[in-house]
Amino acid sequence: MRAILVGVDFGKGDFAASLEELSLLSRSAGAEPITTIIGRRASPDSALFVGSGKAEEISQAVADQQIDIVIFNHALSPAQQRNLERHFKTRVVDRTSLILDIFAQRAQSHEGKVQVELAQLQHLSTRLVRGWTHLERQKGGIGLRGPGETQLETDRRLLGERVKALRAKLDKLRRQHATQRRARGRNHAFSVSLVGYTNAGKSTLFNAIAKSRVLAADQLFATLDTTSRRVYLGDVGSVVISDTVGFIRELPHQLVAAFRATLEETIHADLLLHVVDGASPVRMEQIEQVNMVLQEIGADHIPQILVWNKIDAAGLEPALERDEYDKIRRVFISARTGSGLDLLRQAIGESAREHMAGFEDASLVAPDDINV
């Protein structure tokens, strides 16, 4: 599928890095970026987002280069998307729809598929014009329409019912997760979640440390489903390590909400290993983006160790860095070569011992000593 990528520089953030990411996202979704058209504006145009002059330039490029799809590096309003499609006479996709599409392609488990479908329906409900009759087929079609309902109203109602059913399924899955976590809690298993920007190397690290075989590919959002493994760490005993979905700048809110059941593994962890691509020139911005999502899902209070990955590509040596309170702040490793993994195991073990000591201290406090 031949694509034109469109980016507008509003003077915020690293524009070049954001465009490079859009190209990776497009390829991950199965599109072939033919050309990139960029522009500068103080603010988006209300009707066409890019303004009439730039829209004409894109329209000409679509005709000249036989383009199948135009992909915008921004979130478009339903009206802007419709206006642009009329103008270009081809399909227009915004960044949110693109990420949702990749998630739909990658979801493997039943839970992942339910979460993605819910996010897609919530996003598409704002763009509902006509043509949702495929929803009727699930319910039997003819005879569904209420008195005086137009086709659009019927479609909206069917969409609402499907969203309700998916939410009920996710609530059930969330309760199951809670039961599993309580069982782990009773066993006092120290839980560690790998978090980080997409393609930072979380799954490669998970495979290296847990001797697992989770898909680790050099592509965005290779992992969508949380995988957990027990890892034995000598005198500390076993800890539970979980690999989670990667984050990205402007991660659609619908996805964060829909993936809450998966992300709750992160919220209830005892330690977060924040995996960073140490070779990326925009790593500090990526760290900031991940921390923003962690705050959004209520996981910003959990102790965190920065795992500076890909040191082989960055020309760095394995190391362990502490803060002024002698707590481990950062570990430099290469998940691919295994360099520094012993230091990371040491860091996890130290955190687990501290946690267990705190747990034992709390259990030794007599009820009379607790201030209410």
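**Notes on a predicted chain: sheet, hairpin, helices and cores**

1. L194 stands opposite L273 in strand 8. Keep in mind throughout that this is a predicted model. The pair belongs to a parallel match: strand 5 (residues 190-196) runs alongside strand 8 (residues 271-277) over five bridges. L194 also appears in a nonpolar core of 28 residues, together with L205, I209 and I348, among others.

2. Now the sheet around that pair. Seven strands make up an open sheet, and their order is 6-7-5-8-9-11-10. The pairing is mixed. Strand 6 (227-232) and strand 10 (319-322) are the edges, each pairing on one side only. From one strand to the next, the twist averages 25°.

3. A helix crosses this sheet. Helix 11 (residues 283-296) lies across strand 5, strand 8 and strand 9 (304-309). The helix runs at about 150° to strand 8.

4. At one edge sits a hairpin. Strand 10 and strand 11 form it, with five residues between them. Their pairing is antiparallel and spans four bridges; strand 11 covers residues 328-332. A319 has F332 as its bridge partner. In the turn, D326 has a positive phi of about 70°.

5. The hairpin region also meets a helix. E350 lies in helix 13 (residues 341-364). Which residues does E350 touch, leaving aside those up to four places away in sequence? They are R322, D326 and I328. So the turn residue D326 is among the contacts of E350, and D326 is also the residue with the positive phi. Is E350 buried or exposed? E350 has a relative accessible area of 19%, so it counts as buried, the cut-off being under 20%.

6. Just ahead of strand 10 comes a loop. G315 lies there, between helix 12 (311-314) and strand 10. G315 is exposed, because its relative accessible area is 64% and the cut-off is over 50%. G315 and G278 are 37 residues apart along the chain, and their C-alpha atoms are separated by 9.5 Å.

7. Helix 8 (residues 202-210) deserves a look. Seven of its nine residues are buried, so the rest of the structure largely encloses this helix. The buried ones are K202, S203, L205, F206, N207, I209 and A210. Two of these, L205 and I209, are among the members of the 28-residue core. Just after the helix, K211 takes a positive phi of about 50°.

8. The largest nonpolar core has 36 residues. Those with the most contacts inside it are I71, L98, F247, L251, L255 and L294. Several elements give two or more residues to this core, including strand 1 (2-9), helix 1 (15-29), strand 3 (69-72), helix 4 (95-106) and helix 11. The core of 28 residues lies apart from it. As background, nonpolar side chains in soluble globular proteins tend to be buried together.

9. Take I71 from that largest core. Not counting residues up to four places away in sequence, I71 touches A3, I4, L5, V6, L22, S26, A31, V93 and L98. L98 is itself listed with I71 among the residues with the most contacts inside the core.

10. Last, the whole chain. The chain has 13 helices and 11 strands. Of its 372 residues, 49% count as buried. Among contacts between residues at least 6 apart in sequence, 67% join residues at least 24 apart. The chain exposes about 18,400 Å², and carbon and sulfur atoms supply 50% of that area.

Terms used. Residues numbered from 1 in each chain as written. Predicted model: local features only at pLDDT ≥ 70, side-chain atom pairs only at ≥ 80, totals over all residues. Heavy atoms only, no water. Buried < 20%, exposed > 50% of the residue type's maximum accessible area, 1.4 Å probe, protein only. Pairing = 2+ DSSP bridges. Axes fitted to C-alpha atoms, helices over the stretch in contact; angles between N-to-C directions. Contact = heavy atoms within 4.5 Å. Areas by Shrake-Rupley, 256 points an atom, 1.4 Å probe, with all protein chains shown as cover. Core = buried A, V, L, I, M, F, W, Y, C linked by side-chain atoms within 4.5 Å.
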